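Please examine the sequence together with the three-dimensional structure shown below. The paragraphs that follow lead from one part of the fold to the next.

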Amino acid sequence: MKRLLTLALLSLGLSSAQAPNPGVLTLRFLDVGQGDAVLITSPEGKSLLYDGGRSEPRMQALLRQYAVKSLDLVAASHGDADHIIGLTPAVTLYRPKFFLNNGLAANTQAWGTLVSAAQKAGTQGLVARDQVINLGSVKVTVLAPPPGMPREQNVNSVGLLVQYGTFRALMTGDSETAETQAWLKKYPASFLGPVDVYKSIHHGAKNGDSAAWLAAVRPRNVVIGVGPNNYGHPTAEALALYRRVNAAVYRTDLQGTVTVVVQPGGRFAILTERGAPMPANRSAASPAAAAAPARPPAIPPTPATPGYRSCAEARAAEAAPLRRGQPGYNPALDRDRDGVACE
């Protein structure tokens, strides 16, 4: 913990602050289909977009729907398409000051497009390290990829721990067991958990959460960013793990965007876009605040996860090469079984 206590502080300027919801921290786990995107707005109106899903029109519609006026920081947990494509329009429209990333350039068209957009916007790259970002009065601690990880995107995911009063939320991209084991060695359990809201790793995949990791994190509520997919996400194994730690589970495919509203001091309520909201695992959640919001205007659907029957189809769609974990990856097209299809 000594290292954590000496974290560098990065304060974001207030010049681009948007209209605030005074005294309230808002986290929106956006319904971007099969992918992740979390919009965090501080009580002072400072905003952070952590991942952007894999549809530019979808992200543009969501940013309009939630009346986003500015973004101070965008962050990519890692470079897979289902996490970064929506960051391109966000960067282009709002010209954020910083782009936090893992420093491991992805060899994909989506990554190149995002980096080009950031350069045109004058957005400064910020490689993840042990640091604290002050998003107004909200403390955001960066969990950098541990040293020694293979050069593969998932195990180099960037995590964020968000704290406001007693409230704590944790997001760790598509981390796999090797990375979470390394984090368990690096951070004490008292730092990792308990957390009030936790984003499921890798959309509820088998290779994401584990019993050992969740025993440290101790999530009270889990949000799964998931949409139509060919991978079986969320898996029965992941859902069983969440049941074992007695966490309430929210799914963006079933309930749409999941919004967490945090009051000063840490009391919070969880709202769902559709369907009856589930009770948060805290009695402090306000019943009034938990009422279902008005149905939002329709937004373009995210295309279903692509299924390429041949490498010719993948190349025609400019999706090749396809890495394991990316939408459209087909093991039948990965002839050398190295995790990269249509090389």
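Two residues are said to be in contact when heavy atoms of theirs lie within 4.5 Å. This definition is needed for helix α2, which spans residues 56–65. The model under discussion is a predicted one. Within α2, the residues Arg-58, Met-59, Ala-61, Leu-62 and Leu-63 are buried, a term that here means under 20% relative accessible area. The buried residues of α2 pack against β4 (47–50) and also against α4 (87–94).

Both ends of this helix deserve attention. At the N-terminal end, Ser-55 acts as a cap for α2: one of its side-chain oxygens is found 3.2 Å from the backbone nitrogen of Arg-58. After α2 comes Ala-67, which has a positive phi, near 55°.

Strand β4, against which α2 packs, belongs to an open sheet of 8 strands. Their order is β7-β6-β5-β4-β3-β2-β15-β16, and the pairing is mixed. Why do β7 and β16 each have one side without a neighbour in the sheet? Strands β7 (124–127) and β16 (268–272) stand at the edges, and each has a single partner strand, so one side of each remains without a neighbour there. From one strand to the next, the twist of the sheet averages 15°.

The edge strand β16 pairs with β15 (residues 258–262) in the antiparallel sense, over 5 bridges. In one example of this pairing, Val-260 has Ile-270 in β16 as its bridge partner. In a regular strand, side chains alternate between the two faces of the sheet.

Another antiparallel pair is made by strands β8 (residues 131–135) and β9 (residues 138–143), which are joined by 5 bridges. Asn-134 has Lys-139 in β9 as its bridge partner. Together β8 and β9 form a hairpin with 2 residues between them, and Gly-136 in the turn has a positive phi of about 65°. Is strand β8 largely enclosed or left open? Of its 5 residues, 4 are buried, so β8 is largely enclosed by the rest of the structure.

These elements may now be placed within the whole chain. The secondary structure of the protein chain comprises 11 helices and 18 strands. Of its 343 residues, 58% count as buried. Among contacts between residues at least 6 apart in sequence, 65% join residues at least 24 apart. Finally, the accessible surface of the chain comes to about 13900 Å², and carbon and sulfur atoms account for 55% of that surface.

Conventions. Residues numbered from 1 in each chain as written. Predicted model: local features only at pLDDT ≥ 70, side-chain atom pairs only at ≥ 80, totals over all residues. Heavy atoms only, no water. Pairing = 2+ DSSP bridges. Axes fitted to C-alpha atoms, helices over the stretch in contact; angles between N-to-C directions. Buried < 20%, exposed > 50% of the residue type's maximum accessible area, 1.4 Å probe, protein only. Areas by Shrake-Rupley, 256 points an atom, 1.4 Å probe, with all protein chains shown as cover. Polar contact = N/O pair within 3.5 Å; in protein donor to acceptor, adjacent residues only side chain to side chain.
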